[in-house]
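The following report is meant to be read beside the sequence and the coordinates. Please keep both in view while going through it.

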Amino acid sequence: DGIYYFNLTEEDSDTQLIIFNLLGEQVYSSLLLGKQENKIDLPNLAKGCYLVKLSNSGNISTQKLIKN
């Protein structure tokens with residue numbers, strides 16, 4: 001399907017989301033708004049494993065995303 005939801009808590013400010021393939025190439029970028037659920041639709045993203053980088057206010061987090 002390709003629809004993903006990111007929930008940001010009250011403490012989170014707006015957050016930059018960047019998705020990379022395993023070759024390190026950026027395949028998607030978006031700004032997530034704080035204090036709400038953010039819906040990301042990635043229908044054109046090929047099946048596989050990706051790295052999701054979230055950054056806000058000097059905090060950076062990297063997570064794995066698997067699209068089946």
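S57 sits in the loop between strand 5 and strand 6 (59–67), where strands are DSSP runs of E of at least two residues and helices are runs of H or I of at least four residues, both numbered from the N terminus. At 65% relative accessibility S57 counts as exposed, the classes being buried for under 20% relative accessible area, exposed for over 50% and partly exposed in between, with a 1.4 Å probe and protein chains only. The phi of S57 is near 45°, a positive value in a residue other than glycine. Most residues other than glycine have a negative phi, and most peptide bonds are trans.

The model is a predicted one, in which local features need pLDDT of at least 70 and side-chain atom pairs count only at pLDDT 80 or more, whereas totals for chains, interfaces and linings use all residues. Residues are numbered from 1 along each chain as its sequence is written, and side-chain values use heavy atoms, with hydrogens and water left out.

**Overall architecture**

The chain has zero helices and six strands, which gives the pattern β-β-β-β-β-β when read along the sequence. Its radius of gyration is 12 Å, which agrees with the value near 11 Å that a compact globule of 68 residues would have; the radius is taken over C-alpha atoms, and the globule rule is 2.2 Å times the number of residues to the power 0.38. Along its principal axes, the C-alpha trace spans about 35 × 25 × 15 Å.

Of the 68 residues, 32% count as buried. The chain exposes about 4600 Å², and carbon and sulfur atoms supply 48% of that area, as computed by the Shrake-Rupley method with a 1.4 Å probe; for residues, only the protein chains shown count as cover. Among contacts with a separation of 6 or more, residues 24 or more positions apart account for 50%, where contact means heavy atoms within 4.5 Å. The mean positions of the 6 positive and 8 negative charges are 8 Å apart; Lys and Arg count as positive, Asp and Glu as negative, and His and the chain ends are not counted, with each charge placed at NZ of Lys, CZ of Arg, CG of Asp or CD of Glu.

**The nonpolar core**

In soluble globular proteins, nonpolar side chains tend to be buried together. Here the largest nonpolar core has 13 residues, of which F6, L17, I19, L32, L42, V52 and L65 touch the most other members. Strand 1 (3–7), strand 2 (15–21) and strand 5 (48–56) each supply at least two residues of this core, and the largest share, three residues, comes from strand 5. Such a core is a set of buried Ala, Val, Leu, Ile, Met, Phe, Trp, Tyr and Cys residues joined through side-chain atoms within 4.5 Å. Leaving aside neighbours within four places in sequence, V52 is in contact with F6, L17, I18, I19, S61, T62, Q63 and L65.

**Strand 6 and the loops**

S61 lies in strand 6 and, not counting residues up to four places away in sequence, touches V52, K53 and L54. K64 is also found in strand 6, and its contacts beyond four places in sequence are C49 and Y50.

In the loop between strand 3 (26–32) and strand 4 (37–41) lies Q36, which is in contact with F6, N7 and L8 when neighbours within four places in sequence are left aside. K35 has its place in the loop between strand 3 and strand 4, and K35 has a positive phi of about 60° although it is not a glycine; K35 is exposed, with a relative accessible area of 60%. E25 is placed in the loop between strand 2 and strand 3 and touches I19 and F20, not counting residues up to four places away in sequence.

The table lists accessibility together with one C-alpha distance for each of four residues.

| Residue | Relative accessibility | Class | C-alpha partner and distance | Sequence separation |
|---|---|---|---|---|
| Q36 | 35% | partly exposed | I66, 23 Å | 30 residues |
| K64 | 60% | exposed | C49, 7.1 Å | 15 residues |
| E25 | 44% | partly exposed | I60, 18 Å | 35 residues |
| S61 | 30% | partly exposed | L17, 9.8 Å | 44 residues |
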